[in-house]
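Subject: Structure handover

Hello,

Here is the structure I promised you. Please open it next to this email and follow along.

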Amino acid sequence: MKLVITMSRRFGTGASIIARELSDRLKIPVYDKAYIEHEVEAHDYHSEAEAIRKLAENPCIILGRCASDILRDQPNVFNIYVCADKEDRIHRVMILRALPYEEAKKALEEADARRADYYYRNTGKAWGDVNDYHMILDTSRLGVENCAGILMQYFERMNYI
């Protein structure tokens, strides 16, 4: 199966770490906002959606950009949502960006609001609705370091890889 993984995530969950580890284990590329925006001439949702559909012709991991909704009808797509407790996310942002607590909290809240708005504006759906994902990973409970292994075990058991 040409597995395509979409990964939506709250800011500060460690999802990019999980995506990179999965990429290394599965030997498939990860595409994020920066990559997708770089690939399109017109920076609008329809151009990005077309770029995402093109990327999904081969096995890959796509972070964000409404990919779970854009690719929802493709049988080889597995949609993941990564979440974590707000305090854990704030502390991760403090470390990653060397910010004091209040600034990290503000950055997190603003990033989450932008992502929710982008998702709603382009899909008409609530961002993070459990019905839109095959699996939800809570990195506060599972640990960022364990999530790629959990996914690999699942993919192997289901013969996705």
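Two rings of Phe, Tyr or Trp count as an aromatic pair if their centres lie within 6.5 Å. By that rule, a search of the whole structure gives ten aromatic pairs. Bear in mind that this is a predicted model.

One pair joins F78 and Y160. Their ring centres are 6.0 Å apart, and the planes meet at 55°, a tilted arrangement. This pair links distant parts of the chain: F78 is in strand β4, Y160 is in the segment after α8, and 82 residues separate them. F78 is buried, at 4% relative accessible area. Y160 also pairs with F155, again tilted, at 6.1 Å centre to centre and 45° between the planes. F155 is buried too, with a relative accessible area of 0%. Ring pairs tie F78, Y154, F155 and Y160 into a cluster.

Now M135, which sits in strand β5 (residues 135-138). Is M135 buried or exposed? Its relative accessibility is 16%, and the cut-off for buried is under 20%, so M135 counts as buried. M135 touches F78, N79, I80, Y81, L151 and Y154, leaving aside residues up to four places away in sequence. M135 and F78 are 57 residues apart in sequence, yet 8.2 Å apart in space, C-alpha to C-alpha.

Next, helix α8. It has 14 residues and reaches 21 Å from first C-alpha to last, close to the 20 Å expected at 1.5 Å a residue. Its buried residues are V144, C147, A148, L151, M152 and F155. They cover an arc of only 130° around the axis, so they lie on the same side of α8. E145, Q153 and R157, on the other side of α8, are exposed. The cover over the buried residues of α8 includes β1, α1, β4, α5 (86-97), β5 and α7. After α8 comes N159, with a positive phi near 60°.

Helix α1 (residues 15-26) can be read in the same manner. Its twelve residues should span 16 Å at 1.5 Å a residue, and the end C-alpha atoms are 16 Å apart, which agrees. A15, I18, A19, L22, S23 and L26 are buried in α1. Their arc around the axis is only 135°, which puts them on the same side of α1. Among the elements covering the buried residues of α1 are β1 (4-9), β2 (30-31), β3, β4, α7 (139-142) and α8 (144-157). K27, just after α1, takes a positive phi of about 60°.

Last, the cores. The largest nonpolar core holds 23 residues. Which of them touch the most other members? They are V4, I36, I52, I62, I70 and L71. At least two residues of this core come from each of α3 (45-55), β3 (60-63), α4 (67-70), β4 (77-83) and α6 (101-123). With five residues, α3 gives the most. A second, separate core has 22 residues, including I5, A15, L137 and C147.

V4 is worth a click. Beyond residues up to four places away in sequence, V4 touches A56, N58, P59, C60, I62, L71, N76, V77 and F78.

One more contact to look at: R65 lies over the face of Y118, 4.1 Å from the ring centre.

Best wishes

Conventions: Residues are numbered from 1 along each chain as its sequence is written. This is a predicted model: local features need pLDDT of at least 70, side-chain atom pairs count only at pLDDT 80 or more; totals for chains, interfaces and linings use all residues. Side-chain values use heavy atoms; hydrogens and water are left out. A nonpolar core is a set of buried Ala, Val, Leu, Ile, Met, Phe, Trp, Tyr and Cys residues joined through side-chain atoms within 4.5 Å. Buried means under 20% relative accessible area, exposed over 50%, partly exposed in between (1.4 Å probe, protein chains only). Helices (H or I, at least four residues) and strands (E, at least two) are DSSP runs, numbered from the N terminus. Contact means heavy atoms within 4.5 Å. The expected span of a helix is 1.5 Å times one less than its number of residues. The arc is that of the directions from the helix axis to the C-beta atoms. Rings of Phe, Tyr and Trp (its six-membered ring) pair if their centres lie within 6.5 Å; planes under 30 degrees apart count as stacked, over 60 as edge-to-face and the rest as tilted. A charge sits over a ring if NZ of Lys or CZ of Arg is within 6 Å of the ring centre and within 35 degrees of the ring normal.
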